[in-house]
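Hello,

Here is the structure for your files, with my notes below it. Please read them with the model open.

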Amino acid sequence: MGSPPLFFQWSSKALPWLAIISIIVFSIGMVWGIFYSPTDYKQGDVYRIIYIHVPSAILGQSILMFMAICGFITVVWRVKISGMLIKSAASIGASFTLIALITGSIWGKPTWGTWWVWDARLTSTLILFFIYTAIIGLHSSLDDKTKADRAISILSLVGIAIIPIIKKSVDWWYTLHQPSTFTLSSAPSMAPDMYQPLLVCVLGFYLIFAFLLTMNLRAEIVFREKNKTWVSKQYLNRQKNDK
Amino acid sequence: MKSDIYNWFFLILKRDLLIAFRRSSTYITPLIFFLIVVSFFPLALSPDQDFLRSLAPGVIWIAALLSSLLAVETIFSEDFKDGTLDEFFVTNEPSFVLVFAKVLCHWLITGLPILLASAISSIILYLPASSFLPMICSLILGTFFMSLLGAMGAALSLGRSAILSSIIVLPFSIPTLLMGTAVVSSAINNQDYSGFLLIMGAMLAIGIPGLCLLTVEAILLNYE
Amino acid sequence: MLPKLKVKNLSCSRADNLLFHDLNFEVVAGKNIEIIGSNGSGKTTLLRILLGLINIGEGKLEWLDNEENYNHYRSIDCFYQGHSLGIKNLLSAHENLSLSSYSFGASEEKIAYALDRVGIKNHLSFTSELSVGQKKRISIARWLLKDFGIYFIDEPFSALDDQATSLIIEIIEELNAKGASFVITGHRASDVISNQIFLDHEV
């Protein structure tokens, strides 16, 4: 499975199933959460955005952890595909983090009156987003993509090491400067019938991530191996030297 | 005199200090850049004493982060181009110790001007005198950590622009920023700041071996 | 005479191009190896693999017939010079030699002898003020700082005039007589007496 062409063949078969399962679970979670869960007595219906906000935030952090593990494998064992996995996962992770930021902001507007507030969790999420952009920026700036993969392996390892320190220090910083008003980022105390759809949503988001990751990785493989015959046979239905 | 780690250490020290001494821009530029950045704040905002005093810890730390980051940008590029860096990896000695020696040298050359600039800035930003010594201590720990981080960033983006290196390194320097400003602010309010200094020290303790090892990996990438 | 370095079945790929495959050669005392190939044929990569800058893909390197001596031998007895000259512009010729990592254990007389042998007279001016030819000579002077066992030089003859070329050949012959070996690379065969290995680059 470590060989890109082999992964490509295997994933071509697995992809339809993955797509179907992820879309089903995702849709169930979303519909249940947004339409069928009870109204919160304190925040009304606007809290429903947590069904997008919380899973996105969880995914944003888990994906960085995933990238760090792949990074470790790439640096220590020099496996090619784990390097490509980091690159494929990075943009997905950045997108989820951005969604978490935007939904957090949307959540804040009706409750606080402002589009942004520098509270501990939003600020940590913003810094997480910057770490993603650092990784993506570094990869895009290096022309030799194998070298770029190894470079972002190193960066994701540093990233995962510094995340706990960032969270602790931002938490502390926020308590120092905390305004007297209630912080919005803590989710409302959850009744079970609010909690269950949230779990389904989180699972749905993870499956969607797996699906998107596979798609990204396949695209990355085709891009890197574009000069190989198996790619031309696959996509162009002709031999390499035909015109 | 055989090739062992002490000889290597002093070799790097002698060589780099000599070259830096002959190229004065190496140690003058961080100083001047720091002062320019600091000057922008009263210019862009307000020269009011109380206002600047409230901003002082943050402004000094921001200027310190940016100056040490930009200063360390070229730490490896010259050595890589003229082939001197290869010697670090062909030798028997552990390369990460040699990289550490190089970063230490570089910090001695650029960090001390930054400390001087911060001293000047504390006057022009009306920083209370009681917080001067804690500020210097925090800056010593912080700028060294920045040099380590920046060296790794420079190794990863060897040959690319400084601004790329900045977006790679700056997110990871946020804890240093938070802790460093905490030291100065606590000192101004006569609170205990030793905890923050300890955390910065701990970050250095983990950072020195960890970042140097990763920097070696990053430099070796450029040989492939 | 036991070989100092045995290269066995060395293969290497770069960006999925096979650079060389099943390379075998031995470096014996007093005898040189010349690696000849066009641009991109893997000469520099091969040197870097031999010295440990790049990980070995497939194959084995045996140093002094005993792999355990590898690290020690490599650092004490090998001299490496890549594409660049390995000298610093802001140091004088003398400082470039005394502050080189290859000078551990070299005495003042050795340094003076080395500079003299390559024909550098003005010891005190900064290297940046010297001509390219003189810079090359300082770079060559480093070879004489110690009695190295194997010299790995990447393209020693590139961009050199005839005088400097014959100087290098003389020095190589002198050092060969003392038992040192050279592993050099180049675009075409030079006048150095050596075992020639051609790395052909098949497109």
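The largest nonpolar core of this predicted model has 183 residues, and the members that touch the most others are Ala151(A), Leu155(A) and Phe152(C). Helix α7 of chain B, residues 132-156, supplies the largest share of this core, with 14 residues. Leu155(A) has contacts in two chains once neighbours within four places in sequence are set aside: Ala134(A), Ile135(A) and Leu138(A), together with Leu156(B) and Ile168(B).

Next, the sheet in chain C. Strands β2, β1 and β4 form an open antiparallel sheet in that order. Strands β2 (17-28) and β4 (58-63) of chain C are at the edges with a single partner strand each, so each has one side without a neighbour in the sheet. From one strand to the next the twist averages 10 degrees. Eight bridges join β1(C), residues 3-14, to β2(C) in the antiparallel sense, and Val7(C) sits opposite Phe25(C) of β2(C). Helix α1 of chain C, residues 43-51, packs on this sheet and touches β1, β2 and β4 of chain C; the angle between the directions of α1(C) and β1(C) is about 125 degrees.

Last, helix α10 of chain B. Residues 194-221 make up this helix, and its 28 residues should span 40 Å at 1.5 Å a residue; the C-alpha atoms at its ends are 39 Å apart, which agrees. Where is the kink in α10(B)? The kink, of about 40 degrees, is at Gly207(B), shortly before the proline Pro209(B).

Regards

Note on methods: Residues numbered from 1 in each chain as written. Chains lettered and ligands numbered in written order. Predicted model: local features only at pLDDT ≥ 70, side-chain atom pairs only at ≥ 80, totals over all residues. Helix = DSSP H or I, 4+ residues; strand = E, 2+ residues; numbered from the N terminus. Expected span 1.5 Å × (residues − 1). Bend = angle between axes of the 7 residues up to and from the residue. Pairing = 2+ DSSP bridges. Axes fitted to C-alpha atoms, helices over the stretch in contact; angles between N-to-C directions. Contact = placed C-beta atoms within 7 Å. Core = buried A, V, L, I, M, F, W, Y, C linked by C-beta atoms within 7 Å. Buried ≥ 20, exposed ≤ 12 C-beta atoms within 10 Å, placed from the backbone.
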